[in-house]
Structure formats: C-alpha cells, structure tokens
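Colleague: I've just opened this one and would like some help reading it. Could you take me through it feature by feature?

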Amino acid sequence: MLHSHDGRNGPNGRTGRRLALVAGVVAAAVLAWGGGGGRAGASVLVADMVWDELADCESGGDWRADTGNGFYGGLQIRPSTWSEVGGLRFADRPDRASRREQTAVGEEILRQQGWEAWPSCARELGLIGGSPRVGGAGGGGWRGEPG
C-alpha cells in the first residue's frame, strides 16, 4: 500500500522503482511487439521487479497470503483462475506455490486477460490507464483481481 510519507518515496525509493517498473514493462512490450508480429496475446515475460511491485500492492508482498478474502498468494489469485490457467501443476492454491510458480501463472493470466486482471494495483502502478501514481493513499487491490 502506498502512503505519501512512508519514507519510501524519492529517487531511490518507491518513486524511482515505479519509473523503472514502467520502463521495464514498456521495454518488454516493445520487444514482444517487434518479435511477435503484433499478435494479440503474444507471450511477454515480465521482469521480476514488476511482479514484486504488483505483489507489494496486492498482498503487501506476502507470497503466502491467505487472508480469508477468497484470493490467495502474492498476486491475489482466485482458486478458479489458478485452476483455469494451469496453476494446479504447481499447487492446489496460489499461496501454496512458490513465488516463481505464482509469477509463471501470473504470466498466463496476463496473456489471457492483460493487466486488467489486477485493475486497482495495475492502475496504481501505471500498468494500465496512464502514469504511475506517486504518493497518496494506496488503492489496494482486494477487489476485482483475477477470477
């Protein structure tokens, strides 16, 4: 969650990481567009820092999150989505899979649904809807995640 005075903003804090995050996603998208012929649903491997920032927003960075809200793991994935995109090859629920396994499933969710699968946090991180949000109250991401 973002807080305007949490000590993480500034050139080496959250603001700097968000700019790098957006740059990494843009670079991956450009490479995918050029290499994939512009096909919709082309596979794009997202940098680890992007998944870490998304998990930080979604679950406070807790890859074992099981808070009773119906979403699990660092990326807050519903069990039905986990199953539909092949997560059962790793574990019965996202919170029981490793970070690497969760991001592998996240890649498939991203391929199928885009960043809109994580609407609040993707918007907050600038992955959809324009520039990353810097400072201010965090929007969280506890509703509308992959499902």
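Colleague: Let's begin with a pair of helices. How are H2 and H4 oriented to each other, roughly parallel or roughly perpendicular?

Modeller: Two packed helices are described by the angle between their axes and by how far apart those axes are. Keep in mind that this is a predicted model. Here the axes of H2 and H4 cross at roughly 95° and come within 11 Å. An angle from 65 to 115 degrees counts as roughly perpendicular, so H2 and H4 are roughly perpendicular to each other.

Colleague: Which residues make that contact?

Modeller: On the H2 side you'll find Asp48, Trp51 and Asp52. H4 brings Arg99, Arg100, Thr103, Gly106, Glu107 and Leu110. Sorted by class, the contact of H2 with H4 has five charged, two polar and two nonpolar residues.

Colleague: Okay, let me step back. How many helices and strands does the protein chain have?

Modeller: Five helices and zero strands. Written out along the sequence, the pattern is α-α-α-α-α. The protein chain has 147 residues, and buried ones make up 43% of them. You can also look at how far along the sequence the contacts reach: of those between residues at least 6 apart, 56% join residues at least 24 apart.

Colleague: Next, the inside. Which residues of the largest nonpolar core touch the most other members?

Modeller: That core has 24 residues, and the ones touching the most other members are Trp51, Leu54, Leu75, Ile109, Trp115 and Trp118. Helix H2 (48-59), helix H4 (99-113) and helix H5 (119-124) are the elements that give two or more residues to the core. H2 provides the largest share, five residues.

Colleague: Can we zoom in on a couple of those? Where does Leu75 lie?

Modeller: Leu75 sits in the loop between H2 and H3. Its relative accessibility is 0%, and since anything under 20% is called buried, Leu75 counts as buried. Look across to Leu54 as well: Leu75 and Leu54 are 21 residues apart in sequence, with 6.8 Å between their C-alpha atoms.

Colleague: And which helix holds Ile109?

Modeller: Ile109 belongs to helix H4. Ile109 is buried too, with a relative accessible area of 0%. Its C-alpha is 9.5 Å from that of Ile77, and the two are 32 residues apart in sequence.

Colleague: Here's another one in that helix. Is Arg111 buried or partly exposed?

Modeller: Arg111, in helix H4, is partly exposed, because its relative accessible area is 38%. For a partner far along the chain, try Leu45: Arg111 and Leu45 are 66 residues apart, and their C-alpha atoms are separated by 9.6 Å.

Colleague: Now covalent links. How many disulfides does the structure hold?

Modeller: One. To spot it, find the two cysteines whose sulfur atoms pair up: Cys57 and Cys121, with the sulfur atoms 2.0 Å apart. The link of Cys57 and Cys121 is left-handed, with -85° about the S-S bond. Cys57 lies in helix H2 and Cys121 in helix H5, so the pair ties together parts that are 64 residues apart in sequence. Both Cys57 and Cys121 are buried.

Colleague: What about Glu58, is it buried or exposed?

Modeller: Glu58 is found in helix H2. Glu58 is buried, because its relative accessible area is 0%. The C-alpha atoms of Glu58 and Cys121 are separated by 6.5 Å, although these residues are 63 apart along the chain.

Colleague: Last one, backbone angles. Which sign of phi should I expect?

Modeller: Most residues other than glycine have a negative phi. In this structure, look at Gln76: it has a positive phi of about 50° although it is not a glycine.

Colleague: Where does Gln76 lie?

Modeller: In the loop between H2 and helix H3 (79-84). With a relative accessible area of 0%, Gln76 is buried.

Note on methods. Residues are numbered from 1 along each chain as its sequence is written. This is a predicted model: local features need pLDDT of at least 70, side-chain atom pairs count only at pLDDT 80 or more; totals for chains, interfaces and linings use all residues. Side-chain values use heavy atoms; hydrogens and water are left out. A nonpolar core is a set of buried Ala, Val, Leu, Ile, Met, Phe, Trp, Tyr and Cys residues joined through side-chain atoms within 4.5 Å. Buried means under 20% relative accessible area, exposed over 50%, partly exposed in between (1.4 Å probe, protein chains only). Helices (H or I, at least four residues) and strands (E, at least two) are DSSP runs, numbered from the N terminus. A disulfide is a pair of cysteine sulfur atoms within 2.5 Å. Axes are lines fitted to C-alpha atoms, for helices over the stretch in contact, and angles run from 0 to 180 degrees between N-to-C directions. Angles under 35 degrees count as roughly parallel, over 145 as roughly antiparallel, 65 to 115 as roughly perpendicular and the rest as oblique. Contact means heavy atoms within 4.5 Å. Ala, Val, Leu, Ile, Met, Phe, Trp, Tyr, Cys and Pro count as nonpolar, Asp, Glu, Lys and Arg as charged, and the others, Gly among them, as polar.
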